[in-house]
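Here is a walk through one structure for someone meeting it for the first time. Have a look at the picture, then read on.

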Amino acid sequence: MNVLFRRFTLRRFALGACGAALVGLLGCTEDFTTPGYCPQTCPGGNIVIRDTVIDAVVDGDSSYFGYLAPGEGTGLLVSTAEPADQYLTAMRFGAFPDSVRIGDSLYAFVVDSVGISLGVLARDPDATGIALQVYRAPVTVDSGITFAEVAGYVVPATFLDSITVPDTLENGNVQVVFRGADLVKVAIPAADSGVIALAVSVTADSATGVELGSTTAAGFLPRITWYISVPEVDSTKQPAPIQRVPTFDTYVQQNPPAPDPDVLQVGGAPSARFIVRFSIPDSVIVGVEILRAELLLTPTTPIAGVPGIGTTITARGVLSDQGGKSPLVPLLASTTAVTVGSADSVTVEVIDLVRTWQVIEGTRPAQAFFLSLQPEASSFTLPVFASTRSPSGAPRLRLTYVYPLDFEEP
Amino acid sequence: MRRIVVGLVLLCGVSGRAAAQSSIFDARGLGIPQPPISVRAVGMNGSGSMLDGMSGTNPAAITSIIGLSVGFNVFQNWRSSTSPGGEGSGSDAGVPLVTVVNRIKETPYYFSGSFGSYTDRDFGFVTTDTTVVNGTPVGFRDSLESRGGTSDFRLAVGYRSGKTIALGFGFHFITGSNRFYLNRTFSDSVFTPVRQRSELAYNAVGFSLGAVYHPIEPLLLTATVRHDGQMNVDRDSLQAYTYELPWTLAGSAQYQLGSRGTINAEVAYSTWSDANAEIVANGGAGADNTFNASLGAEIATSPAQPGKLPLRVGIRTRQLPFPLAPGQQPSEFSVAAGTGVRFAKGHAAADLALQRLWRKADGGFSEDAWILSLGMTLKP
């Protein structure tokens, strides 16, 4: 033993010992975690998950109308003519000039062809044989126009052309071009001061609808393009085509739903939104940790609309409850898809909104949700939900939560 | 050389954040008691601690120290734990004891201050199971972690009368905290994860009395009585409950084998069950009295220089006070070996110890661990 130890000098030992300790102490990370087994290794016990369903405040829910008018949303609606309902679109384009500037001179020009382009934002992917029917409308098209008036423009005498929407097209532009003798169809009388207006309907193999891009959409806007030439100048100086987008566009519905104070309506145009108020007991909101919060809405009838076109309901928090003009909690929104034809309850996950109710008294938002339909004023989908005045199916809020764990259990 | 070693050791100390060893048996009560013993005593598995002035078990033992001495320990723990939920391994490092001892000049009195771990409650558990939410079974994974424990700050005074007897008194301020973190994630992402935390704070005041008796030349006997008072527990800054800490009666003997070394034996009994009723009343699994016995030896490898690379060995058996379930008191058995060296003309000493221990309790819980400890003693 002594021989063994004497091989080491004092200095070597000290350095070796500290080196080994350093390797051990610095080289190993702290890792406390091992598999547990309750109840032995669960001081404080287990988390108990609680589930409480709270009804909305009676008569604290109501719909408000008139937020976005037709055409103020991103889409213009057209649908096939059905006995129950139909949507038609009308639009008026910006003025077409009577001359173009080339260099320092104005020249009269010759219209070689005219293209009318419409954008498909959404359509039922299962619908077939869709064709957009384009009609000439009077330039007096403006807000306040009725379905009957637009329907009066959708007649054979004003028919311009039909634009086929390929069955494979999910979204995109479709176009018709007028040339030669057909140019007379899109000629603009002098009395109209270069303005042209159109009405659009749709036909298909079965009942359906198409959402067209409006001037507020990010893309797929309606557009007219005039391809022109000036005989007096050579081919290298020919002017570019002239394009115009609508200065006004709208759509009209044959049988818009009437406001009903006993139900909760959302969507449509002018668009409807509704508010639902709750009064949450402190025992399920103060000092608890919320795991899930579901706003449960029950349709009074299967949700009306065109299937296959995505539509969502968005719930927002209410900063201060001032009815239909309540300021909303910024940045936070909960969204859920609604399915046309379904009568199942619609569940909106609202945990982020409910958590804002857990802040200290005085600064917390109202215990209410404000709901709207997206895309607003641009959707065929028209959900109607039961209210607290309905015989059944009033809005409810289901909270799943846990109380703080009793860590102190020794 | 001295500066290098001190620098290395200080760095070792900085790296260790935990107070003591993590264990699955830390889950209940205050966790596992941590004897305040130096690495020299660790090498003998605690059997010589009551005669070791750099340990904190016997205030009379400080009278064995010559001149101002400063000691501190660091350790690294590697463990493998088994529960009915599965097997896992962990590791952690810590600084379990810092001690300062000096003699009041030209008097028979000594004083000491030490700061060490009293109990440890570092643990982390992962549990997977299924619960019913909204009428639907949902899988979950719980991760429960505790950091902290309690520390023992001791101020001690010792008195030595000749070579025959020494007496000591220690005042103990026991304080500490546990920070708990619970994370639960669900298999269904519609449920947001649960994240909860809480903090327990502890404080208690105790005392200890100790004696060292040297009846005949090769034999040294010691005895201590210690009471740690009443533990006050605050939860998140609010008073939660109190319970009694134990009385501890301990004694040891050392037999000198001439210049070849020493044989040491030590026993201790602690009345942890004084806390049982209060712990059970607060929903815990209770507390049991503990018995601790150790036997060890320090063998000089160089009789002319006993401080140069002695071989220390020891075994220890002990009961742990806080069962994971009522009636399932855990126990621990360990073996240890160590050595040490003095250098810098006797102004510094380094000690190294390696422990191998096994813990077990009924119900399928067991654990084994390696603990590497490094101690430094400086005599400026």
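S193(A) sits in the loop between β11 (172–179) and β12 (197–203) of chain A. This is a predicted model, and in it the phi of S193(A) is near 55°, a positive value in a residue other than glycine. Is S193(A) buried or exposed? It counts as exposed, because it has 11 C-beta neighbours inside 10 Å, and the label applies at 12 or fewer.

Chain B has a residue to set beside it. L309(B) lies in the loop between β15 (290–299) and β16 (311–319) of chain B, and its phi is near 50°, again positive in a residue other than glycine. L309(B) counts as buried, because 21 C-beta neighbours lie inside 10 Å and the label starts at 20.

Chain A also has some cis peptide bonds to look at. One joins C38(A) and P39(A), with omega about 5°; P39(A) belongs to the loop between β1 (33–35) and β2 (49–55) of chain A. Another runs from Q374(A) to P375(A), with omega near 0°. You'll find P375(A) in the loop between β23 and β24 (384–386) of chain A.

Now for the domains. The assignment for chain A gives domain 1 (49–68 + 256–402) and domain 2 (86–253). Their C-alpha centres lie 39 Å apart. Where they meet, eight residues of domain 1 of chain A are in contact with nine residues of domain 2 of chain A. On the domain 1 side, the touching residues divide into five nonpolar, three polar and no charged.

Next, the sheets of chain A. Five strands make an open sheet in the order β3-β18-β23-β20-β21 (chain A), with antiparallel pairing. Which strands stand at its edges? They are β3 (62–65) and β21 (328–337) of chain A; each has a single partner strand, so one side of each is left without a neighbour in the sheet. On average, neighbouring strands of this sheet are turned by 25° against each other, direction ignored.

Another open sheet has four strands, in the order β2-β25-β19-β22 (chain A), and its pairing is antiparallel too. Here β2 and β22 (346–349) of chain A take the edges with a single partner strand each, so one side of each has no neighbour in the sheet. The average turn between neighbouring strands of this sheet is 20°, direction ignored.

Some strand pairs, from both chains, can be listed side by side:

| Strand pair | Sense | Bridges |
|---|---|---|
| β20 (312–318) of chain A and β21(A) | antiparallel | six bridges |
| β19 (289–297) of chain A and β22(A) | antiparallel | four bridges |
| β2 (69–83) of chain B and β4 (97–103) of chain B | antiparallel | four bridges |
| β4(B) and β5 (109–120) of chain B | antiparallel | seven bridges |

To find these pairs in the picture, go by single residues. T312(A) has A337(A) as its bridge partner in β21(A), while L296(A) has T347(A) in β22(A). In chain B, S69(B) is matched with V101(B) in β4(B), and L97(B) is matched with G116(B) in β5(B). β4(B) and β5(B) form a hairpin with five residues between them. E106(B), in that turn, has a positive phi of about 60°.

What about the nonpolar cores? The largest has 75 residues, and A315(A), V350(A), A368(A) and F369(A) touch the most other members. Strand β23 (366–374) of chain A provides the largest share of this core, six residues. Which residues does F369(A) contact, leaving aside its neighbours within four places in sequence? They are V276(A), L295(A), A315(A), R316(A), G317(A), V350(A) and L353(A). Apart from this core lies another, of 46 residues, among them F109(A), A122(A), A127(A) and V134(A).

One last stop is in chain B. A348(B) is placed in strand β18 (348–361) of chain B. A348(B) counts as buried because it has 21 C-beta neighbours inside 10 Å. How many residues separate A348(B) from S143(B) in sequence? They are 205 residues apart in sequence, and from C-alpha to C-alpha they are 44 Å apart in space.

Technical notes. Residues numbered from 1 in each chain as written. Chains lettered and ligands numbered in written order. Predicted model: local features only at pLDDT ≥ 70, side-chain atom pairs only at ≥ 80, totals over all residues. Pairing = 2+ DSSP bridges. Helix = DSSP H or I, 4+ residues; strand = E, 2+ residues; numbered from the N terminus. Axes fitted to C-alpha atoms, helices over the stretch in contact; angles between N-to-C directions. Domains from an automatic or database assignment. Contact = placed C-beta atoms within 7 Å. Nonpolar A, V, L, I, M, F, W, Y, C, P; charged D, E, K, R; others polar. Core = buried A, V, L, I, M, F, W, Y, C linked by C-beta atoms within 7 Å.
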